[in-house]
Amino acid sequence: MRVVPETPVAQPTDVRSATPVLFNANRLSSFVRRLLSIAALAAIDITGLGLGLLATLVLRELYYGRSPGWDSLWHSESGWLPFLILITLLVFAQGDLYAERERRPGVGRIVSSLLLVTLITLAFGLGTGHKFSTYGLAPTALALTVLLISLMRAVYDALTGSLLRRVGVRRRALLVGAGDHLMHLHEMLGRGRRGIDYEFVGALAPAADGVDLPLLGDLKALPRVLGTYQIDELILADSEFSEQELLETVEHAHRRGVKVRIAPKTTELLIQRADYVPGQSVPLFEVRSPVFAGSEWLLKRTFDLTVSFVVLVIGLPLWLLIALAVTLTTPGSVLFRDRRIGLGENEFDMLKFRTMYADAGEHQAFLEQANEASGPLFKMRRDPRVTPVGAILRRLSLDEIPQLLNVLRGEMSLVGPRPLPLRDYAQLSGWHRKRYNVLPGITGLWQISGRSNLDFDDLVRLDFYYLENWSLWMDISILVRTMPAVLAGRGAY
């Protein structure tokens, strides 16, 4: 740990007197990148929209046994394309699909936005008296357009992310906090930031203990540090700042054009699901229960049942092959029934393809000292109880497939907080148990945000965020993003 010596404090300047973009090389470069990014994404969306509509028209002609005539197809497409382009760009912009890389939503928002475009187009067509030849055109065009735009955007994100890393584009960050909180935040942030790596300038902390970055001073040194270093983001760790300190910190940063990000405490996530209570002598917010009820429950349950049934039926040959491999390689049952804690803190049998030897439970106590996970969790990267076939199933998360039967039985959901074994549940703190207000899930924010590599308290915070911000599109987005996480094997062991 090295402590950076004091330098004269630079006087803060009002943000209104900042150098205009055209005369600031760094800001101009960032501004140009943003314009090019928006233009590229808009071009992708227009191309995907045009190709999706054209493919839909071709499929219609083939379905009716007609040979596609390109002149007639172009005439049909060109009549609607300008209107569709305008509506799509406006809806996508409203849905933040042209926002900065780290704030840009994923497939779930693309699906919801294109669904809205479809409904607007149908309403406009019916309102203007347009005669639709077939109503199958709209859902087909929606499905193809979602597929094309999602794939093209994914390729764009991968290519531009790689390019940004190659040319050395960095976001210079300053961490503010204390001790363990600061060290934990630094470790969990790592380098990744959706294609743009972090470069940590240093830290502001009251003491050097536990801080593994250059110590630039304490919180009072913030004006000097902001005036001395080029900083893009100021990230506040979960520390006990006073209200006045927080306000002054944000004010200093914003005056310098520096973004402020805060790693929230668990209780701070609750305010996102709060309603303002008017007529009180002080501002009050009522925190609503995160329990899915009414139309929310019906929508989520219908989605769970439909997807689970389809996946079970379509994948049946593969599931039978897995069952055969488990049976032939090691003695024991095909399915493993693991007692877990579910909705309302009630026990249920969670089903998995068996990945361990039949006597695995007898060796648990001897392996506790080799536990590699923090908090109540038990994880080992090279657990000797795992069979060779089981290791492959775990690596690809195929052992989780029988849990679709738990979904059909109403014991689990496709997406939700991960159910814990009895051994882990017994070690939970009281505040952790809010996660049992909803059905546990096969996948969730744990799986797409680091899986076994995250600290347990961070995993619970992800559960809380999911409960407070749930939507069907979030479920779809998590399911889509689970596949790359599974294939990459992040934290899967």
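This passage describes the surroundings of helix α12, the β7–β8 hairpin, and the salt bridges and aromatic pairs of a predicted model.

Helix α12, which spans residues 388–395, has three buried residues, namely Val 389, Gly 390 and Leu 393. These residues cover an arc of only 95° around the axis, which means that they lie on the same side of α12. Such a pattern can be related to helix geometry, because an α-helix has 3.6 residues a turn, so residues three or four places apart point the same way. On the other side of α12, Pro 388 and Ile 392 are exposed. The buried residues of the helix pack against two elements, α10 (316–329) and β8 (347–353). Just after α12, the backbone at Ser 397 adopts a positive phi of about 60°.

Strand β8, one of the two packing partners of the buried residues of α12, is itself mostly covered, five of its seven residues being buried. It is joined by seven bridges to strand β7 (residues 335–341), and the two strands run antiparallel. Within this pairing, Arg 340 stands opposite Phe 348 in β8. The two strands form a hairpin with five residues between them, and in the turn Gly 344 has a positive phi of about 70°. A salt bridge is also found between the side chains of Glu 347 and Arg 339, with an N to O distance of 3.1 Å. Both partners retain some accessibility: Glu 347 is partly exposed, with a relative accessible area of 46%, and Arg 339 is likewise partly exposed, at 35%.

The loop between α10 and β7 contains Thr 330, a residue that counts as buried because its relative accessibility is 8%, under the 20% limit. The side chain of Thr 330 makes a polar contact with the side chain of Arg 354, at 3.1 Å. When residues up to four places away in sequence are not counted, Thr 330 touches Arg 354, Tyr 357 and Thr 387.

In total, the count comes to 13 salt bridges. One of them joins Arg 171 to Glu 233, with the closest N and O atoms 3.5 Å apart. This pair links distant parts of the chain, Arg 171 lying in strand β1 (residues 170–176) and Glu 233 in strand β3 (residues 233–236), 62 residues apart. Both Arg 171 and Glu 233 are buried, in contrast to the partly exposed Glu 347 and Arg 339 of the hairpin. A further salt bridge is formed by the side chains of Glu 411 and Arg 409, with an N to O distance of 3.2 Å. Here, too, the partners are partly exposed, Glu 411 at 21% relative accessibility and Arg 409 with a relative accessible area of 46%; the value for Glu 411 may be read against the limit of 20%, under which a residue counts as buried. Salt bridges also occur in a connected arrangement, in which Lys 352, Asp 399, Glu 400 and Arg 418 are linked in a network.

Aromatic side chains contribute four pairs to the structure. In the pair formed by Phe 92 and Tyr 98, the ring centres are 6.4 Å apart and the planes stand at 45°, so the arrangement is tilted. Both of these residues are buried, Phe 92 with a relative accessible area of 0% and Tyr 98 with one of 11%. The rings of Tyr 425 and Tyr 436 have their centres 5.6 Å apart and their planes at 85°, and the pair is therefore edge-to-face. The latter pair links distant parts of the chain, with Tyr 425 in helix α14 (residues 422–425) and Tyr 436 in the loop between α14 and β10 (441–443), the two residues being 11 residues apart. Tyr 425 is buried, with a relative accessible area of 15%, and Tyr 436 is buried as well, with a value of 4%.

Key: Residues numbered from 1 in each chain as written. Predicted model: local features only at pLDDT ≥ 70, side-chain atom pairs only at ≥ 80, totals over all residues. Heavy atoms only, no water. Buried < 20%, exposed > 50% of the residue type's maximum accessible area, 1.4 Å probe, protein only. Helix = DSSP H or I, 4+ residues; strand = E, 2+ residues; numbered from the N terminus. Arc of directions from axis to C-beta. Contact = heavy atoms within 4.5 Å. Pairing = 2+ DSSP bridges. Salt bridge = Lys/Arg side-chain N within 4 Å of Asp/Glu carboxyl O. Phe/Tyr/Trp six-rings, centres within 6.5 Å; stacked < 30°, edge-to-face > 60°. Polar contact = N/O pair within 3.5 Å; in protein donor to acceptor, adjacent residues only side chain to side chain.
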